[in-house]
Amino acid sequence: MKLILLGAPGAGKGTLAAYLIDKMGVPSVSTGNILREAIKNKTALGLSAKQYMDAGQLVPDEVVIGMLRERIAQDDCKGGFILDGFPRTIPQAEALDTIAEIDCALSLEVPDEVIEARMTGRRVCLKCGATYHIVANPPKADGVCDKCGDGLHTRSDDKPDVVADRLATYHAQTEPLKGYYGAQGKLKSIDGTQGIEKTQGFAAAALGL
Ligand code: AP5
Ligand code: MG
Ligand code: ZN
């Protein structure tokens, strides 16, 4: 299956993707994680992307479309994939339509009021990409990744003022994709406010897994 996860910043796309990887047996591709890796490695892509990300804005379409095209051309994506954080604009969705036949866009519905607590409690592993929450999904040992043992960090774009800008960007540029995929008969929406396990159950039911 070729699946898109739609949803506001902090809606739980990355957390749900980690569950669906095992359930569906396909890789997840997160454009945010690829960009953060580029920033960590101080590549030219990373240096140009950082200014947009720290301002809560989107990285230009032509940059992320090229990046995504290269990534899903790799062998591990031949049998399907989960897209976490792509597409985020109508031009990205139109470009994707020329690259792959998408089966479903699953939208995680979480109101803005719930997002802030999610962001302030989030801790991420920059080495393996695993995501935790100090209340909803704490690591076994404080500040240490369960999966790889690396230290956990707060994302630089999780400051409350940047979160507000990211939410505004989402509503203006990404939320219209619900209409785009709805018109193609591919949109499914689930409640993302009910805790991690329930969200997983809603997603499995919606996708027939
Ligand atoms: P990206 O990394 O994609 O960030 P985002 O879309 O803002 O989403 P997040 O990763 O913040 O949230 P999430 O939905 O994955 O939630 P998570 O599972 O972590 O993008 C970052 C930036 O990169 C963008 O702002 C942009 O600049 C750039 N970019 C990326 N892709 C781009 C593109 N295609 N085009 C242009 N620019 C692009 O969960 C959040 C927290 O909540 C965690 O702590 C988690 O443990 C917890 N949680 C999760 N689910 C639940 C639940 N059900 N109940 C309680 N807690 C939960
Ligand atoms: Mg994410
Ligand atoms: Zn890790």
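**R71, the ligand shell and two cores**

Let me start with one arginine. R71 counts as buried, at 17% relative accessibility. Buried means under 20% relative accessible area, exposed over 50%, and partly exposed in between, with a 1.4 Å probe and protein chains only. The areas themselves come from the Shrake-Rupley method with that 1.4 Å probe, and for residues only the protein chains shown count as cover.

Ground rules next. This is a predicted model, where local features need pLDDT of at least 70 and side-chain atom pairs count only at pLDDT 80 or more, while totals for chains, interfaces and linings use all residues. Residues are numbered from 1 along each chain as its sequence is written, chains are lettered from A and ligands numbered from 1 in the order in which they are written, and side-chain values use heavy atoms, with hydrogens and water left out.

Back to R71. It sits in helix α4. Helices here are DSSP runs of H or I with at least four residues, strands are E runs of at least two, and both are numbered from the N terminus. What does the R71 side chain pair with? A polar contact of 2.8 Å joins it to the side chain of D76. A polar contact is a pair of N or O atoms within 3.5 Å; within protein, one must be able to donate a hydrogen and the other to accept it, and residues adjacent in sequence count only if both atoms are side-chain atoms. Leaving out residues up to four places away in sequence, R71 touches P27, V29, I34, D76 and C77. Contact means heavy atoms within 4.5 Å.

Now the ligand. How many residues surround ligand 1? The count is 35, and the closest are T15, Q57, R88, R122 and R166. The cut-off for being near is one heavy atom within 4 Å. Some individual distances. R88 puts a polar side-chain atom 2.5 Å from a ligand 1 oxygen. T15 does so at 2.6 Å, again to an oxygen atom of ligand 1. G85 uses its backbone: an N or O atom there lies 2.9 Å from a ligand 1 nitrogen. Taken alone, ligand 1 exposes 1,000 Å², and the protein buries 96% of that.

Who builds the shell? Helices α1 (13–24), α2 (31–40), α6 (112–120) and α9 (196–207), plus strand β6 (131–133), each supply at least two residues. The largest share, four residues, comes from α2. By class, the shell has 13 nonpolar, 14 polar and eight charged residues. Ala, Val, Leu, Ile, Met, Phe, Trp, Tyr, Cys and Pro count as nonpolar, Asp, Glu, Lys and Arg as charged, and the others, Gly among them, as polar.

Staying with α2: K40 is found in that helix. K40 is partly exposed, at 40% relative accessible area. A polar atom of the K40 side chain lies 3.0 Å from the backbone oxygen of L126. Just after the helix comes a backbone oddity. K42, in the loop between α2 and α3, has a positive phi of about 55° although it is not a glycine. K42 is exposed, at 64% relative accessible area.

A second oddity: the peptide bond from F86 to P87 is cis, with omega near -5°. P87 lies in the loop between β3 and α5. For background, most residues other than glycine have a negative phi, and most peptide bonds are trans.

On to the cores. A nonpolar core is a set of buried Ala, Val, Leu, Ile, Met, Phe, Trp, Tyr and Cys residues joined through side-chain atoms within 4.5 Å. The largest has 25 residues, and I4, I72, L83, L96 and Y181 make the most contacts inside it. The largest share of this core, five residues, comes from α4. L96 touches I4, L68, I72, L83, F86, P87, I102 and Y181, again without residues up to four places away. Another core lies apart, with 22 residues, including L5, A8, V26 and L167.

L167 is in helix α7, residues 160–174. It is buried, at 10% relative accessibility. Beyond four places in sequence, L167 touches A8, P9, D112 and I115.

Last residue: D97, in helix α5. Buried or exposed? D97 is partly exposed, with a relative accessible area of 31%. Its side chain makes polar contacts with the side chains of Y180, at 2.5 Å, and Q184, at 3.0 Å.
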